[in-house]
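Student: Could we go through this structure together? I should like to begin with a single residue and then move outwards.
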Amino acid sequence: MRSSGTARLLVIDLRAPRREGDPTAQVAAAAERLQASGVLEVHGVPDAEAVAAALRARGLSADAEAGTVRVSPSPLPPVEELTGLEPPGPAERILDALTRLEPGAVFLAVTPRYPRMLLPHLAQRGAQWEIAERPDGTALVWVSKPR
Amino acid sequence: MSTFNMAGLRPDQGPPLFVPLSFFFAATAAIAAAGALAAAFGGANLGSLWSGPTVALVHVGTVGLLMLTMMGALYQLLPVVAGARVPLPRLAHLTLALMAAGTGALVFAQATFDAQAFLVAAALLTAGLCTFWFPAAWALWRAGAATRVASGLRLALMGLLAVALVGLHLSYARGRGGLPNAWVSWRFAHAHLGLLGWVGALISAVSWQVVPMFYLAKEVPQAAQRAITIALGVTLGALLSVYAFGLPQLAVAFAALPGAVAAWLVNPALIARTIWTRKRRRKDSSLLFWWLSLGSAPVCLGLGVATLVTNHPAVPILYGMVALWGWAGALVHGMLTRIVPFLVWFHRCAPRVGLAEVPSMKDLFPDRAVALGFWLHAASLALGVAAAALGADLLWRAFGVALVATAGHLGARLVMTVVRAPRARTA
């Protein structure tokens, strides 16, 4: 499925505020805002597995876990769980991954909180990045190396 | 649907490394100075709350150690907590110089009752506080961050302004000669504005940020954070009213009560619970400092009540010892052992990650060194408590020596942390 949007990363909670309507359609509409390598994470999705299957049928990459659906127009990168690391572990892992990243590839990670102190270092390395807070206070970090 | 993206944040929000580090090194020097003074003064001079040397020693602790550490920490915390950088970071050099000189003048004035020195101290500290407070307050209020931590920091800055203004008024009054009728009550109001309105508010807000961050513990519930902030705010307002109207010491006690319960009972209990129930229980000797601080907090409350019910001269001395070196001092010491290597790592090591081998935080400040620092601190506190309780000259001098040893160890380790880190280079 081709994407016409520009967003690198979106995190949405369908519960705040709760809207009526088909969750698959809502998620698919949000996914249209993504750029080709963008990632959308949606929380509070009823019957997440079914929604993910429906999105895959529409040509999107999608996976589901415990009421959360992750979507991308491109193959979904694996998500590295860094919430169990004390600082500066998450930052170290992200910076290390960035040095090994192929141009155009995406690294996705969940950190314990919004990693403000990481930002100057991402900028210094010329990375493209986007960070979004999740409903539970953790943060989803999208990092890519420009082509 | 709602979104949580936070695009548009400026990457370069923090101060240069030298800004917080310079304050932390100065604060460590203040501990050594306090130790040297205690060892020199001895028990004959430190047995009374009203003696010049006692007041001087207290202010080395409050202005020298606590205020300088907290100023340095706020330069770093405000960008992280509120997304707001304190403008004109190089002004921090001037702030530190003025605060250090002002502290020295104040301590000299209090130790010798030199009227001129009080006025010099008041002028220097006024200038130093202005060069810090106005930029910090501008940054924090302009950011408009709505978190409880940011609210707590705003309250702490108001508390700092309050205790500083009262302190400057006291210094000026002392310099003019003679003691006003409300002097005793004023001093207690000033002390509790500092302990609760400034230090209590700051420690509470900082604990809500750093405990989850460094120890992967759960956050204190938002409702509790709100209640604690309100209680401390009530105390701040009430103490200022007591001061303004020159009300007696008992009024100070009632004014201090909500904040004291919040800062010395409720928040410590909540923080202790989050630390105890954290999932990832790795060995971390900096937690020993937290336990010492959290355990000292309710003792502070008890001793504060005791000052109202007994005239024993040792009680207020014990109160000050436990509050300054047990509760606040232990927390400050413990956090320096985490925050300094953390900052050094981010500034010096992070640019090299993936490109060269970099030391870990534990390499920069090993856990066994943190543990040794804790035991030195605990030993000095034990000596200080014994000295305050018994009044023995030898114990006071031993306390002083132990403080110098604690400061020497901490200072050396902080220097080694910086020396061990590679010079930063861009990728």
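Student: Where does A:Ala66 lie?
Tutor: A:Ala66 lies in the loop between strand 3 (61-65) and strand 4 (68-72) of chain A. Strands (E, at least two residues) and helices (H or I, at least four residues) are DSSP runs, numbered from the N terminus. Please note that this is a predicted model, in which local features need pLDDT of at least 70, side-chain atom pairs count only at pLDDT 80 or more, and totals for chains, interfaces and linings use all residues. Residues are numbered from 1 along each chain as its sequence is written, chains are lettered from A and ligands numbered from 1 in the order in which they are written, and side-chain values use heavy atoms, with hydrogens and water left out.

Student: Is A:Ala66 buried or exposed?
Tutor: A:Ala66 counts as exposed because its relative accessibility is 80%. Buried means under 20% relative accessible area, exposed means over 50%, and partly exposed is in between (1.4 Å probe, protein chains only).

Student: And what is phi of A:Ala66?
Tutor: Phi is near 50 degrees, a positive value in a residue other than glycine.

Student: Which residue of chain B has a positive phi although it is not a glycine?
Tutor: One is B:Leu216, with a phi of about 55 degrees. B:Leu216 is in the loop between helix 7 (183-215) and helix 8 (222-245) of chain B. With a relative accessibility of 17%, B:Leu216 counts as buried.

Student: Back to chain A, then. Which peptide bond is cis?
Tutor: The bond from A:Pro87 to A:Pro88 is cis, and its omega is near 5 degrees. A:Pro88 is placed in the loop between strand 5 (79-81) and helix 3 (89-100) of chain A.

Student: What pattern does chain A follow along the sequence?
Tutor: The pattern is β-α-β-α-β-β-β-α-β-α-β-β, made up of four helices and eight strands.

Student: How many helices are in chain B?
Tutor: Chain B has 14 helices, together with one strand.

Student: What radius of gyration does chain B have?
Tutor: Chain B has 21 Å, which agrees with the value near 22 Å for a compact globule of 427 residues. The radius of gyration is taken over C-alpha atoms, and the globule rule is 2.2 Å times the number of residues to the power 0.38. For chain A, with 147 residues, the rule gives a value near 15 Å, and chain A has 15 Å, which agrees.

Student: How much of each chain is buried?
Tutor: In chain B, buried residues make up 60% of the 427 residues. In chain A, 55% of the 147 residues count as buried.

Student: Another topic: how many positive and negative side chains does chain B have?
Tutor: Chain B has 28 positive and 8 negative side chains, and the centres of the two sets lie 7 Å apart. Lys and Arg count as positive and Asp and Glu as negative, while His and the chain ends are not counted. The place of a charge is taken as NZ of Lys, CZ of Arg, CG of Asp or CD of Glu. Chain A has 17 positive and 18 negative charges, with mean positions 6 Å apart.

Student: Lastly, how many disulfides does a search of the whole structure find?
Tutor: The search finds zero over all chains, where a disulfide is a pair of cysteine sulfur atoms within 2.5 Å. As for cysteines in chain B, B:Cys349 is buried, with a relative accessible area of 0%, whereas B:Cys130 counts as partly exposed at 34% relative accessibility.
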